Each structure stands twice: as structure tokens, then as C-alpha cells.
Amino acid sequence: MDTEQPTGPDAAPEAPEARATDSEVPERRPSKVAVFIAMAAVAVAILIVMLAPGAENPAAPAETKGNLTGSPNSAEEDAAADAKVAGKAAPLDFTLKDMNGVDVKLASFKGKPIVVNFWATWCGPCRAEIPSLVELNTQYGAEGKDVVILGISVDDPIEKLKPYATQMKMNYPVLVGNGREDVQDAFGPLWGIPVTVFIDRDGRIAKKHSGIASKEQFEQEIKALL
């Protein structure tokens with residue numbers, strides 16, 4: 001039987017748990033649109049990381065190869081190929097233009113130790129080697145001295161070579177190898193650059209070195225030719 005609840009001053013106080021307060025705010029849940037946008041942002045971030053140069057890329061040359069720019073081989077494979085040409089006659093029967101348009105016959109240097117450095121203006125390791133070659137040419141190859149240092153640019157046009165050589169203070173002959181695959185093949189195979197070939201007085205290859213070399217390494221090979 002229903003009983004009438006008392007009202008007025010004699011009414012029982014309301015239970016605390018049943019009383020709503022101004023501080024109680026209903027829980028706000030993100031909308032479906034906001035969730036979708038957040039998920040899309042995360043996906044884009046992951047994609048950017050995956051596509052970053054060298055990220056999880058087994059073919060990245062800086063991570064998996066030696067220090068020979070452009071070579072598809074490992075450093076060990078390049079070194080093994082270099083060792084095979086030691087003792088062979090150097091291909092000196094070529095004439096190339098220098099950066100001033102003058103013909104330079106490689107055979108004219110036979111009888112002296114020759115250092116042939118294959119390089120390019122865009123090659124970072126090549127740029128790092130040039131100061132060492134400049135110093136060594138002053139020490140061993142300047143006029144009146146015994147060693148000939150030659151730089152053969154593999155693919156740079158003359159108009160780019162001259163300002164670059166001036167900037168780098170290159171004091172040895174800079175030859176144009178652009179379009180001269182015959183020369184590169186004869187000294188090769190050149191899988192990449194820099195490559196340096198050391199030729200003895202008899203015109204034979206004493207050593208071929210693929211990859212960047214320090215001044216100390218260059219000087220050691222030069223002294224062995226003297």
C-alpha cells in the first residue's frame with residue numbers, strides 16, 4: 001500500500017548520494033571524427049619515418065657498402081678487384097685534355113712514379129682527398145721533383161672544373177675524363193670513385209686503391225715508388 005511521503009519541514013533529508021552537485025559534469029567522449037583524425041596523424045608520422053633516407057633500407061650505400069661512392073660492391077670485393085691489377089702494365093697510351101684545353105699524353109710521364117686519381121666535383125670523399133693531394137704534390141710532385149700527380153675528373157664539363165680547381169687550390173694537372181669511358185675502362189673497372197692508381201717507373205701498376213685514402217696512405221704508396 002503506497003504511503004504519502006511527508007513534505008515540508010518534517011520531510012526526511014535527501015540521501016547525499018542522490019544529490020547532484022554543480023561540480024558533477026557528464027563524461028565527454030571524443031567524437032568519431034576526432035578519433036579518425038588522430039589515427040590518420042599517427043599513420044602519416046609512421047610513413048614519414050619509414051620513407052626517411054636510409055631508414056630500414058638495406059640498400060643504403062652509406063650503411064652497407066664501403067667508402068667508394070657509387071660502388072655496388074662491398075669494400076672487401078673492391079679491394080679484391082684492386083689486387084688483381086697489381087703488376088700489370090698501366091694503360092698510358094691515352095691523350096686527354098686538361099681543364100685548359102691542352103693535350104696531355106699519359107705516356108710522356110713514363111719513367112717517373114705516377115699517381116692517377118679518378119674523382120668528380122660532386123663526390124664528397126673525393127673533395128676530402130684533394131687537400132692531401134695538393135700537399136703531397138708540393139712535397140713530391142712540384143716542378144723539378146720526381147712524382148707526377150694527375151686528377152682525372154670522370155664526368156665534369158670543363159666550365160665546371162676550372163672554378164672548382166681554383167677553389168680547391170689544385171696545383172696538379174686536372175684532366176677531363178668526361179666522355180672518355182675508354183680511359184676509365186682501361187684503368188678499371190671503376191665501380192665508383194674516388195679511385196687512385198699508383199704507377200711505378202717502369203709503367204706498371206704498383207697498386208690500385210678504391211675508396212677514400214688519407215694523406216698517410218697516399219704518402220706511403222708514393223714513397224714505395226721512389
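Two strands pair if DSSP finds at least two bridges between them. The model treated below is predicted.

**Exercise 1. State how many helices and strands the protein chain has, and give their order.**

Solution. Start with the count: the protein chain has 7 helices and 7 strands. Then read from the N terminus: the elements run α-α-α-β-β-β-α-β-α-β-α-β-β-α.

**Exercise 2. Work out the strand order of the open sheet and find its edges.**

Solution. Step one: the open sheet holds 5 strands in the order 5-4-3-6-7. Its pairing is mixed. Step two: strand 5 (174-176) and strand 7 (205-210) each have a single partner strand, so they stand at the edges, with one side of each left without a neighbour in the sheet. Step three: neighbouring strands are turned by 20° against each other on average, direction ignored.

**Exercise 3. Describe how strand 3 and strand 6 are joined, then place helix 4 and helix 5.**

Solution. Strand 3 (residues 114-119) and strand 6 (residues 195-199) run antiparallel, joined by 5 bridges. In this pair, I114 of the chain stands opposite I199 in strand 6. Next, helix 4 (residues 124-141) packs on the sheet. Helix 4 touches strand 3, strand 4 (148-153) and strand 6, and its direction makes about 160° with that of strand 3. Last, helix 5 (residues 158-167) lies across strand 3, strand 4 and strand 5. Helix 5 runs at about 170° to strand 5.

**Exercise 4. Give the buried share and the accessible surface of the protein chain.**

Solution. Take burial as under 20% relative accessible area. Of the 226 residues, 35% count as buried. The accessible surface comes to about 14,100 Å², and 57% of it belongs to carbon and sulfur atoms.

Note on methods
Residues are numbered from 1 along each chain as its sequence is written. This is a predicted model: local features need pLDDT of at least 70, side-chain atom pairs count only at pLDDT 80 or more; totals for chains, interfaces and linings use all residues. Side-chain values use heavy atoms; hydrogens and water are left out. Helices (H or I, at least four residues) and strands (E, at least two) are DSSP runs, numbered from the N terminus. Buried means under 20% relative accessible area, exposed over 50%, partly exposed in between (1.4 Å probe, protein chains only). Accessible areas come from the Shrake-Rupley method with a 1.4 Å probe; for residues, only the protein chains shown count as cover. Axes are lines fitted to C-alpha atoms, for helices over the stretch in contact, and angles run from 0 to 180 degrees between N-to-C directions. Contact means heavy atoms within 4.5 Å.
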